[in-house]
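Q: Please take a close look at one part of this protein: the place where its two domains meet. Which contacts and charged pairs are found there?

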Amino acid sequence: MTRPAVSRETVLDAAGTLVRRHGPNALTMRRLAAELGTAVTSIYWHVGNRESLLDALVERTVADLGEIRPTGRTPAARVVSVARVLRRQLREHPHLIAMVHERGLTERMFLPAQQALVREVHAAGLRGARAAQVVRAVQFQVVGHVLVERNRERAPAQRPGEEELWGARTAERDPALARALAGPVDTERLFTASVKALVTGLLTP
């Protein structure tokens, strides 16, 4: 099988894949060269040293996260669509997002999403401090939800678990509530419902 010619873009593609799969510590020039089937000197030629490579990877991540196109017929629906895209991006690229944060570019990374939210909040008729509150509230909701999701996924097995804790007594004699809280969490559905409720409340005159 013929490998594609090595270029700056193919180097960044391979580096991004390594970081997504194994974390930043797995990204060495030797391992990257092996992935590409080329010499280490070729990597240096295209992207410079490892720090330059990481900087380029961070810049590309920031640029990729800026591509958010709202969908929906109303400002509220479009705000929710921005929140869902932002959550998905943060979920899909945790190691790259961590690298962005470590290099002090977090605010710049969020700027395109914030600008998309501003346009929709303006379309809903809000201005000034109240518009800013909506933008910040949605951003904080997304980031907070992602952090809770990741914490739940990485936490050790809980003893007792939710299925054991929730019953007639702890649920205040609400068996349907007990069953729901004892079952698995549909995080995407929960996220969408919470963002819709938040946005509806904030956009209501």
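A: What follows goes from the two domains to their interface, and then to the salt bridges.

This is a predicted model. The domain assignment splits the protein in two: domain 1 covers 8-61, and domain 2 covers 66-203. Their C-alpha centres lie 32 Å apart.

Start with the contact. On one side, 12 residues of domain 1 take part, and they touch 10 residues of domain 2. The size of an interface is often given as the accessible area lost when the parts come together. Here the area buried between domain 1 and domain 2 is about 1000 Å². Carbon and sulfur atoms give 69% of that area. Three residues of domain 1 lose the most area to domain 2: Arg20, Val58 and Thr61. Together they account for 53% of what the domain 1 side buries.

Now the polar side of the interface. The rule finds 3 residue pairs in polar contact across the interface of domain 1 and domain 2. Two elements each give two or more residues to the domain 1 side: α1 (8-22) and α4 (50-65). Of the elements, α4 gives the most, with 7 residues. Sort the domain 1 side by class, and there are 5 nonpolar, 3 polar and 4 charged residues.

Next, the charges. Side chains of opposite charge can pair when their charged atoms come close. Across the interface of domain 1 and domain 2 there are 3 salt bridges. Look at Arg103. The side chain of Arg103 meets that of Asp55 in a salt bridge, at 2.9 Å from N to O. Arg103 also forms a salt bridge with Glu51, at 3.0 Å from N to O. This second pair links distant parts of the chain, 52 residues apart. Arg103 sits in the loop between α6 (94-102) and α7 (106-123), while Glu51 is in helix α4. How accessible are these two? Arg103 has 27% relative accessibility, so Arg103 counts as partly exposed. Glu51 has a relative accessible area of 44%, so Glu51 is partly exposed too.

Helix α4 has another charged residue to look at, Arg60. Arg60 forms a salt bridge with Glu9, and their closest N and O atoms are 2.6 Å apart. Arg60 is in helix α4 and Glu9 is in helix α1, 51 residues apart. This pair, too, links distant parts of the chain. At 22% relative accessibility, Arg60 counts as partly exposed. Glu9 is partly exposed as well, with a relative accessible area of 44%.

Now step back to the rest of the protein. A search of the whole structure finds 11 salt bridges. One of them pairs the side chains of Arg152 and Glu162, at 3.4 Å from N to O. Arg152 lies in helix α8 (residues 128-154) and Glu162 in helix α9 (residues 162-165), so the pair ties together parts that are 10 residues apart in sequence. Arg152 is partly exposed at 44% relative accessibility. Glu162 is also partly exposed, at 32%. Some salt bridges share partners: Arg87, Arg91, Glu149 and Glu153 are joined in this way into one network.

Back to the request. The two domains meet over about 1000 Å² of buried area. There are 3 salt bridges across the interface, and α4 gives the most residues to the domain 1 side.

How values were computed: Residues are numbered from 1 along each chain as its sequence is written. This is a predicted model: local features need pLDDT of at least 70, side-chain atom pairs count only at pLDDT 80 or more; totals for chains, interfaces and linings use all residues. Side-chain values use heavy atoms; hydrogens and water are left out. Domain bounds come from an automatic or database domain assignment. Contact means heavy atoms within 4.5 Å. Buried area is the accessible area (1.4 Å probe) that two parts lose on being put together, summed over both. A salt bridge is a side-chain nitrogen of Lys or Arg within 4 Å of a carboxyl oxygen of Asp or Glu. A polar contact is a pair of N or O atoms within 3.5 Å; within protein, one must be able to donate a hydrogen and the other to accept it, and residues adjacent in sequence count only if both atoms are side-chain atoms. Helices (H or I, at least four residues) and strands (E, at least two) are DSSP runs, numbered from the N terminus. Ala, Val, Leu, Ile, Met, Phe, Trp, Tyr, Cys and Pro count as nonpolar, Asp, Glu, Lys and Arg as charged, and the others, Gly among them, as polar. Buried means under 20% relative accessible area, exposed over 50%, partly exposed in between (1.4 Å probe, protein chains only).
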